[in-house]
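Trainee: I would like a close look at one part of this model. Please take it slowly and give the cut-offs as you go.

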Amino acid sequence: MDRTEAVLEGARRIRHFLPQLLEAETATGMDQELARLLAQARQGEKVDNAILLVVARERSTRAWMQAFLELEDPARGLKGGEALPGHPSPVNADRFVCPEDDYVWCRHSVGEPVPLCPTHGVALVRAGQC
Ligand SMILES: [Zn+2]
């Protein structure tokens, strides 16, 4: 995955963890900003730098995204290193994505109920592995 796509994927995935990473009000605001930027990305706009600026505002989300991008960096070879919320390694998980491409959730065990996209309120569809 190239750097731009990795940033977009990180934004789709971090949304699920914002309530764990941030105060409720901050999490809600950042979630809405990321949803808006991901919708713009779907329209073909280049938003990866804007996404990085948004997540960099808070220490916890900045660290999450940095760790995610390091894990996704092909130069680092096999995924490994420190686990972060939603991205434990090395276990592969089923990847579920919003049809509008703005939310990704990774299912680590078959029994976990699949959430709805918080922006669109629609069921996520299975798409590959996390
Ligand atoms: Zn959605």
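Trainee: Starting from the metal site, is C117 buried or exposed, judged by its relative accessibility?

Mentor: C117 counts as buried, because its relative accessibility is 1%. Buried means under 20% relative accessible area, exposed over 50% and partly exposed in between, with a 1.4 Å probe and protein chains only. H120 has a relative accessible area of 37% and is therefore partly exposed.

Both residues bind the zinc ion, whose ligands are C98 through SG, D102 through OD, C117 through SG and H120 through ND1, at 2.1 to 2.2 Å. Donors here are N, O and S atoms within 2.8 Å of the metal (3.2 Å for Na, K and Ca); water is not among the atoms, so sites may look incomplete. Along the chain, the donor residues follow the spacing C-x3-D-x14-C-x2-H. The arrangement is tetrahedral because the 4 donor atoms subtend angles of 99 to 116° around the zinc ion; for four donors, that label requires all angles to lie between 85 and 135 degrees.

Now the confidence. The model is predicted, with local features needing pLDDT of at least 70 and side-chain atom pairs counting only at 80 or more, while totals for chains, interfaces and linings use all residues. Residues are numbered from 1 along each chain as its sequence is written, and side-chain values use heavy atoms, leaving out hydrogens and water. The protein has a mean pLDDT (the predictor's confidence in each residue, from 0 to 100) of 88, and 85% of its residues reach 70 or more. Over residues 77-81 the pLDDT is below 50, and this stretch has 7 contacts in the model beyond near neighbours in sequence, a contact being heavy atoms within 4.5 Å.

How values were computed:
Four donors count as tetrahedral if all angles lie between 85 and 135 degrees; four count as square planar and six as octahedral if opposite donors are over 155 degrees apart and all others between 65 and 115; anything else is irregular.
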